[in-house]
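Me: I'd like to go through this one with you, starting with its surface and ending with single residues. Can you keep the answers plain?

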Amino acid sequence: QTTILTLMKQKDYDGDLGGYNPEFLLVPTRLFPKANEYVDSELIPDKTDNNLNWISKIYPGLQVFQSPYIDSDFASYANAATAYYVGGRNHGLYRWVRIPMETKLVPPDTDPQDRWMWKGRYREVSGPMSWNGLVGSTGA
């Protein structure tokens with residue numbers, strides 16, 4: 001709840017309200033099942049008072065994504081196993097495709113065992129143009 005409110009109150013570069021509504025939730029791989037349960041359930045999961053889950057009611061299209069790169073196996077920050085990120089539309093993260101996927105069938109005369117092989121290559125880079133529209137939490 002605090003992360004969503006922080007995203008919605010985030011200002012743009014001019015100091016005006018950015019107008020970011022939550023569009024996606026990015027979690028480590030180990031939190032992916034729990035995040036889907038939380039986002040898709042009508043009631044708050046793992047609670048006995050059966051309160052309505054306001055996130056699933058107000059933001060029914062909230063998408064949940066997972067990435068092993070933010071999991072504690074790859075990330076070295078202290079709360080990598082519990083951290084999560086909420087992002088809005090028009091966030092500042094981008095992916096640039098430098099070289100699109102190319103495939104080539106290599107004939108057997110180039111292989112010592114006379115095998116046909118498919119070779120493929122591509123190149124892409126991702127990174128932030130700005131951190132607007134993104135909020136992270138340690139999960140604590």
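Reply: This is a predicted model, and in it the protein exposes about 10100 Å², of which carbon and sulfur atoms supply 53%.

Me: And what share of the residues counts as buried?
Reply: Of the 140 residues in the protein, 28% count as buried.

Me: What about the radius of gyration against a compact globule?
Reply: The protein has a radius of gyration of 21 Å, whereas a compact globule of 140 residues would be near 14 Å. Taken along the principal axes, the box that the C-alpha atoms fill is roughly 70 × 45 × 30 Å.

Me: How many helices and strands are there, and in what order do they run?
Reply: There are three helices and six strands, and from the N terminus on the order is α-β-α-α-β-β-β-β-β. As for contacts between residues at least 6 apart in sequence, 64% of them join residues at least 24 apart.

Me: Switching to charges, how many of each sign?
Reply: The protein carries 14 positive and 16 negative side chains, and the centres of these two sets lie 4 Å apart. The structure also holds four salt bridges.

Me: Which partners meet within helix H2?
Reply: Lysine 34 and glutamate 37 both lie in helix H2, which covers residues 32–40, and they are three residues apart, about one turn of the helix. Their side chains meet in a salt bridge at 3.9 Å, N to O. Lysine 34 is partly exposed at a relative accessible area of 40%, and glutamate 37 is partly exposed as well, at 36%.

Me: Which salt bridge pair links distant parts of the chain?
Reply: Arginine 95 and glutamate 124 meet through their side chains in a salt bridge of 3.3 Å, N to O. This pair links distant parts of the chain, with arginine 95 in strand E4 (residues 93–106) and glutamate 124 in strand E5, 29 residues apart. Arginine 95 counts as exposed because its relative accessibility is 56%, and that is over the 50% cut-off; glutamate 124, at 37%, is partly exposed.

Me: Then aspartate 111, is it buried or exposed?
Reply: Aspartate 111 counts as buried, since its relative accessibility is 9% and the cut-off for buried is under 20%. Aspartate 111 forms a salt bridge with arginine 115, the closest N and O atoms being 2.8 Å apart, and arginine 115 counts as partly exposed at 41%.

Me: Different topic: which residues other than glycine have a positive phi?
Reply: Asparagine 90 is one of them, with a positive phi of about 65°, and aspartate 114 is another, with phi near 55°.

Me: Where do those two sit?
Reply: Asparagine 90 is in the loop between strand E3 (84–88) and E4, while aspartate 114 is found in the loop between E4 and E5. Asparagine 90 is exposed, with a relative accessible area of 66%, and aspartate 114 is exposed too, at 58%.

Me: Last one, asparagine 132. Where is it, and what is it in contact with?
Reply: Asparagine 132 sits in the loop between strand E5 (117–128) and strand E6 (134–137). Leaving aside neighbours within four places in sequence, asparagine 132 is in contact with Gln10, Lys11, Asp12, Tyr13, Tyr20, His91 and Gly92.

Me: And why does asparagine 132 count as buried?
Reply: Asparagine 132 counts as buried because its relative accessibility is 13%, which falls under the 20% cut-off.

Notes:
Residues numbered from 1 in each chain as written. Predicted model: local features only at pLDDT ≥ 70, side-chain atom pairs only at ≥ 80, totals over all residues. Heavy atoms only, no water. Helix = DSSP H or I, 4+ residues; strand = E, 2+ residues; numbered from the N terminus. Buried < 20%, exposed > 50% of the residue type's maximum accessible area, 1.4 Å probe, protein only. Contact = heavy atoms within 4.5 Å. Rg over C-alpha atoms; globule rule 2.2 N^0.38 Å. Areas by Shrake-Rupley, 256 points an atom, 1.4 Å probe, with all protein chains shown as cover. Lys, Arg positive; Asp, Glu negative; His and termini not counted. Charge placed at Lys NZ, Arg CZ, Asp CG, Glu CD.
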